[in-house]
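Here is a short walk through one structure, beginning with its ligand site and moving on to a few details of the backbone. Have the viewer open and follow along.

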Amino acid sequence: MEKGVFIVLEGLDGCGKSTQAKLLYEWLKKEGYNALITAEPTRNEIGRCIRKILSGKKRYNPKTLSYLFISDRHEHLEKEIKPALDNKKIVICERYYHSTIAYQAAQGIDMEYLIELNSFAMDPEIKPDLVIFLDVKPDIAASRTSTGEIFENEKFLRGVRENYLRLDNLTRIDGNRPIEEVFSDMKKVVSVLL
Ligand code: TYD
C-alpha cells in the first residue's frame with residue numbers, strides 16, 4: 001500500500017454503522033493492517049458543540065448547523081484523516097460530507113448549495129476510496145435510536161434516506177439483516193481495496 005485507504009461509513013441514525021465500524025477495525029487489525037477508527041461529529045470542541053445542539057431543546061438554523069458540520073470536518077480532515085493517510089493507515093470514518101448533504105438537505109437546504117459548501121472543507125487530493133451506505137428501513141432505524149437527538153424520527157429519516165439514494169458512488173449494503181451477514185458483505189467490499 002503506497003498511501004493509506006480512506007473508508008467512509010454512512011447511513012441513518014440507528015443503521016448499525018458504529019457496530020460495523022468496530023468489527024471492521026478489529027478484523028483489519030487481526031489481518032495485520034494499521035487502522036484508525038474515527039467519526040463525525042468529532043470529539044473536539046466543534047464536534048462537542050454540535051452534539052450539545054443536537055441533544056438540546058433550542059433549535060438552530062439548519063444553515064448554521066451546516067457551517068458547524070463543515071468546520072468540524074475541515075479540522076478533522078487536516079488534523080486526523082490526512083496525517084493517518086500519510087502514515088499509510090486504513091482510515092474508517094463514520095460519516096463524512098455525504099451526511100451533511102443527506103441530513104441538511106432533509107432540513108430544507110438546497111443540495112447543490114451543500115455540495116458547494118462542502119468543497120470549502122475538502123482537499124481535492126483526498127477522496128474516500130470507498131463509501132459504504134448501510135441501508136436500513138427508516139422505521140427500523142428510528143426504533144433503534146434512543147439518544148433523543150433531533151434527527152431521530154422516522155419521517156425525517158425517510159427524507160434523509162431518499163437524499164442518500166440520490167448521491168453517486170455509494171456502495172449500498174442492506175443493513176436490515178443480522179450483524180454477521182452485513183459484516184460479511186462489508187469484508188467483501190473492503191477486501192477489494194487491500
Ligand atoms: P452520529 O453520532 O453518527 O449519530 P448516530 O451514532 O446516532 O448515528 O451523528 C449525530 C447526528 O448528526 C446524526 O443524526 C446525523 C447528524 N449529522 C448531520 O446532520 N450532518 C452531518 O454532516 C453529520 C456528520 C452528522
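In this predicted model, arginine 51 places a polar side-chain atom 2.9 Å from an oxygen atom of the ligand. Two further side chains make contacts of this kind with ligand oxygen atoms, and the table sets them beside arginine 51.

| Residue | Distance from a polar side-chain atom to a ligand oxygen atom |
|---|---|
| Aspartate 13 | 2.7 Å |
| Arginine 51 | 2.9 Å |
| Arginine 95 | 2.6 Å |

How much of the ligand does the protein bury? Taken alone, the ligand exposes 550 Å², and 91% of that is buried by the protein. The place it occupies is the largest pocket.

Now to the residues that surround the ligand. There are 15 of them, and those that come nearest are Asp13, Arg51, Arg95, Thr100 and Gln104. By character, the shell around the ligand divides into seven charged, five nonpolar and three polar residues. Which elements give two or more residues to this shell? They are helix H2 (45-55), helix H3 (62-86) and helix H4 (97-106). H4 provides the largest share, with four residues.

Arginine 95 deserves a second look, this time for its backbone. Although arginine 95 is not a glycine, its phi is positive, at about 75 degrees. This residue lies in the loop that runs between strand S3 (90-94) and H4, and a polar atom of its side chain is 2.6 Å from a ligand oxygen atom.

Another backbone detail is found at proline 41. The peptide bond joining glutamate 40 and proline 41 is cis, with omega at about -5 degrees. Proline 41 is part of the loop between strand S2 (35-39) and H2.

Finally, turn to leucine 170. Where does leucine 170 lie? Its place is the loop between helix H7 (154-166) and strand S5 (171-174). In sequence, leucine 170 is 38 residues apart from isoleucine 132, while in space their C-alpha atoms are 5.8 Å apart. Leaving aside residues up to four places away in sequence, leucine 170 touches His98, Val131, Phe133 and Tyr164.

Key
Residues are numbered from 1 along each chain as its sequence is written. This is a predicted model: local features need pLDDT of at least 70, side-chain atom pairs count only at pLDDT 80 or more; totals for chains, interfaces and linings use all residues. Side-chain values use heavy atoms; hydrogens and water are left out. A residue is near a molecule or strand if one of its heavy atoms lies within 4 Å of it. A polar contact is a pair of N or O atoms within 3.5 Å; within protein, one must be able to donate a hydrogen and the other to accept it, and residues adjacent in sequence count only if both atoms are side-chain atoms. Accessible areas come from the Shrake-Rupley method with a 1.4 Å probe; for residues, only the protein chains shown count as cover. On a 1 Å grid over the protein atoms alone, a cavity is a set of points where a 1.4 Å probe fits but cannot get out, and a pocket is an open set with protein on both sides within 12 Å along at least five of seven lines; lining residues have an atom within 4 Å of a point. A molecule sits in a cavity or pocket if more than half of its atoms lie within 2 Å of its grid points. Ala, Val, Leu, Ile, Met, Phe, Trp, Tyr, Cys and Pro count as nonpolar, Asp, Glu, Lys and Arg as charged, and the others, Gly among them, as polar. Contact means heavy atoms within 4.5 Å.
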